[in-house]
Amino acid sequence: MFKNLSTSTKLIILCGMFILSIGVTTYSLVAEHRIAIDFARKELIGNRYLAVLRNVYAAILSDRPIDTITASPAASSEGALNALAAEQASVEGELQTKELADSLIASLRELWARRAQHGPTDTLVLDALNKARKLATRVGDDSNLTLDPDLDTYYLQNIVAGKVPTLLGQLGEAHVLFHERPQAGGSNEQNLRFVLDGLLRSTTDSVAEDLSSAYRGNPDGRLKRAVESSFGTMTTSARAYLGALNAIRVDNEARGLIVGIDTASLDALYGKAVGNALWAWGGAQIELDRLLRQRIDHLLAKLRRSLLLTGALAALSIVVAVMTHRRIVGPLERLEAIARTVRETKNYTLRAESDSHDEIGHLAVVFNDMLSELAAARDREITEQAELARADRLMTIGAMTASIAHEINQPLAAIVTNSNAGLRWLSNASPDLDEARAALKRIAKDGHRASEVIGSIRAMFKKESQHKGLHDVNDIVQEALSLVQGELKKQKVSVRTELGPSLPPVLADRVQVQQVVLNLMNNAIDAMAPVTDRARILKVRSAAHNGSGIALTVEDSGVGIDPKDAERIFDAFYTTKSNGTGLGLAICRSIIEAHGGRLSAAPAMPHGSVFEVVLPSGAAGEA
Ligand SMILES: Nc1ncnc2c1ncn2[C@@H]1O[C@H](COP(=O)(O)OP(=O)(O)OP(=O)(O)O)[C@@H](O)[C@H]1O
Ligand SMILES: [Mg+2]
């Protein structure tokens with residue numbers, strides 16, 4: 001089916017397929033980038049949520065040494081609470097944090113209320129810190145932050161969503177433990193402080209490890225420049241606070257008393273540790289935000305570049321397709337149109353135009369050459385045809401003249417004979433006018449017959465058939481016999497006829513068939529002329545042939561035909577007679593064949609020859 005489509009349709013299909021494949025490629029390109037961009041955008045949402053949580057942490061931890069917390073200017077309790085509620089509402093449907101956020105909000109409300117009443121808040125602070133940390137972890141999980149694919153942002157988010165909230169929680173717990181009961185000296189208390197101390201150290205250590213991994217993944221070093229000092233300060237102040245706590249513990253162990261406690265400076269160290277942690281946290285979040293946005297910008301720029309490239313390629317392909325159409329399909333269509341016109345009009349002077357040097361240009365040149373050759377061949381053909389027609393006409397005229405000369409010989413001879421007879425009757429002493437009149441009548445009849453013969457020969461050469469009619473072969477035979485009567489008598493030839501009764505008529509030109517019979521009889525008379533030692537007998541037979549035709553035979557007891565000349569006798573101008581033309585049998589055969597019959601010769605037994613004419617009957621001939 002495809003092979004029968006026009007070249008232009010094939011080209012359109014090809015272009016369509018190409019555009020479709022470009023469309024599919026573009027779609028998958030956009031979809032792929034879209035996924036990456038959406039992924040990073042969700043991370044941004046998580047980071048924004050964590051910024052709100054940072055203020056919540058500041059509000060929770062700012063109950064005592066508020067004035068020392070440097071990094072939380074917006075840490076008003078109500079403000080933080082409202083911001084959290086608003087943020088939670090804005091991420092509804094995107095992050096699965098509602099339950100944890102609601103629970104945290106409830107705890108915070110309770111904490112704020114207790115603070116307002118100046119009641120004990122330790123348990124509530126620890127509870128709120130615990131819930132805030134869980135919420136931070138969930139935000140990290142749900143916003144794809146924990147699945148971040150880049151080295152720098154992955155380790156940075158690890159700090160932002162996990163490590164710093166943990167550190168702040170641990171600081172809060174330590175402070176609660178010590179500040180509320182600094183003088184408690186039980187071994188459990190000691191163990192707990194010991195554990196907390198270990199945890200805090202491990203957290204700051206792991207923050208430092210994450211940071212160095214993040215720096216490795218950030219080749220331009222901007223991240224390091226932005227956060228290194230704030231995290232350094234955070235670690236230093238956290239360690240300073242831990243150091244102070246440990247000193248208290250050591251004193252406690254050594255003396256069994258709590259000595260040298262300077263609550264104010266401990267609070268100040270705590271405030272610094274918390275404040276610097278919040279400050280570092282904020283800085284890390286700003287960097288995370290910047291890196292994520294940078295990634296999105298890169299992705300968008302890459303997508304734009306790819307789309308631009310694809311668009312340019314598609315435009316280029318369309319230009320190439322249009323050029324292909326103009327340079328291939330157009331010329332091919334024009335070539336086809338010219339070929340069709342040439343076929344219809346036989347106008348070989350038309351030429352295909354092409355200025356290209358490609359295969360189509362070569363095709364046009366070959367096509368034009370072919371047309372030139374065809375034009376030359378056509379000219380030659382026309383000239384040859386004219387020459388042939390002339391030669392044909394000349395041959396026809398020659399053959400016709402020869403045939404007329406041959407066929408009117410007999411009537412002319414009869415006219416001469418009758419003229420002489422008529423003159424004899426008139427030249428008698430008492431002229432016999434009746435006989436002379438009869439001779440003149442015969443002359444007129446022979447003249448008439450000569451004219452008929454000429455007419456039938458002309459008809460034969462013109463291949464006319466209007467003279468044909470239904471005739472009885474026996475009548476034609478009788479007529480011919482009467483015409484050769486004089487010659488038969490002169491040559492002492494006796495005639496025997498066996499004419500079949502009630503034969504079907506033949507559809508024939510009577511004069512032509514009569515000429516055939518006459519020619520055969522004359523040849524038979526000629527062949528018997530040299531015979532002196534036996535009777536000269538002419539046998540004429542007619543009979544039905546194979547049920548659908550008539551067979552007529554003319555047999556003589558003459559000299560017979562030399563077997564080597566058996567076929568040549570039918571050639572024009574073949575004769576063995578000094579005064580013969582050699583046309584008689586050739587004319588006979590062409591007449592009989594024009595009537596759908598055949599003429600053949602065979603030796604007769606014991607002497608002479610027999611010629612057989614087979615003609616289809618009228619019914620068979622018309623069928
Ligand atoms: N009945 C016959 N017996 C023997 N030979 C014959 C007979 N009829 C024809 N031929 C041979 O065939 C030759 C050709 O005959 P055809 O009638 O064509 O020409 P033609 O008789 O020689 O000349 P034309 O017909 O002008 O008198 C004759 O010359 C003769 O040799
Ligand atoms: Mg003859």
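**Exercise 1. In which hand does helix α2 pass helix α3, and which residues bring the two helices together?**

Solution. In this predicted model, helix α2 passes helix α3 in a left-handed crossing. To place the two elements, note that α2 covers residues 77–90 and α3 covers residues 98–116, and that their axes come within 10 Å and cross at roughly 165°. Since angles over 145 degrees count as roughly antiparallel, α2 is therefore roughly antiparallel to α3. The next step is to look at the contact itself, where Ser77, Leu81, Leu84, Ala85 and Gln88 from α2 meet Lys98, Ala101, Ile105, Leu108 and Trp112 from α3. Sorted by class, the residues of this contact comprise seven nonpolar, two polar and one charged.

**Exercise 2. At what angle do α3 and α4 pack, and how many charged residues does their contact hold?**

Solution. Begin with the geometry: α3 and α4 pack at about 155°, and their axes are 9 Å apart. That angle makes α3 roughly antiparallel to α4, and the crossing in which α3 passes α4 is left-handed. On the α3 side the contact includes Leu104, Leu108 and Leu111, while on the α4 side it includes Val125, Ala128 and Leu135. Charged residues also take part, among them Glu110 and Arg114 in α3 and Asp127, Lys131 and Arg138 in α4. The full division of this contact is 10 nonpolar, two polar and six charged residues.

**Exercise 3. Where does asparagine 144 lie, and what is the sign of its phi angle?**

Solution. Asparagine 144 belongs to the loop that links α4 (122–142) with α5 (151–180). Its phi is near 70°, which is a positive value in a residue other than glycine.

**Exercise 4. Are α10 and α11 roughly parallel or roughly antiparallel to each other?**

Solution. First locate the helices, with α10 spanning residues 409–427 and α11 spanning residues 433–461; they pack at an angle of about 165°, and the distance between their axes is 8 Å. The two are therefore roughly antiparallel to each other, and α10 passes α11 in a left-handed crossing. Among the residues that meet are Leu412, Ile415, Trp425 and Leu426 in α10, together with Leu440, Ile443, Ala450 and Val453 in α11. Taken by class, this contact is made up of 13 nonpolar, four polar and four charged residues.

**Exercise 5. Which domains is the protein chain divided into, and how far apart do their C-alpha centres lie?**

Solution. The assignment gives domain 1 as residues 2–314 and domain 2 as residues 469–622. The C-alpha centres of domain 1 and domain 2 are separated by 133 Å.

**Exercise 6. How many residues surround ligand 1, and which element gives the largest share of the shell?**

Solution. Ligand 1 is surrounded by 22 residues, of which the closest are Asn523, Ala527, Thr575, Gly580 and Gly584. Two elements, α14 (510–528) and α15 (584–594), each give two or more residues to this shell. The largest share comes from α14, with four residues. When the whole shell around ligand 1 is sorted by class, it has eight nonpolar, 12 polar and two charged residues.

**Exercise 7. Is the peptide bond from methionine 605 to proline 606 cis or trans, and which strands flank the loop that holds proline 606?**

Solution. The bond from methionine 605 to proline 606 has omega near 0°, and it is cis. Proline 606 itself sits in the loop between strands β6 (598–603) and β7 (609–616).

Note on methods. Residues numbered from 1 in each chain as written. Chains lettered and ligands numbered in written order. Predicted model: local features only at pLDDT ≥ 70, side-chain atom pairs only at ≥ 80, totals over all residues. Axes fitted to C-alpha atoms, helices over the stretch in contact; angles between N-to-C directions. Parallel < 35°, antiparallel > 145°, perpendicular 65-115°, else oblique. Left-handed = near helix turned anticlockwise from the far one by under 90°. Contact = placed C-beta atoms within 7 Å. Nonpolar A, V, L, I, M, F, W, Y, C, P; charged D, E, K, R; others polar. Near = placed C-beta within 6 Å. Domains from an automatic or database assignment.
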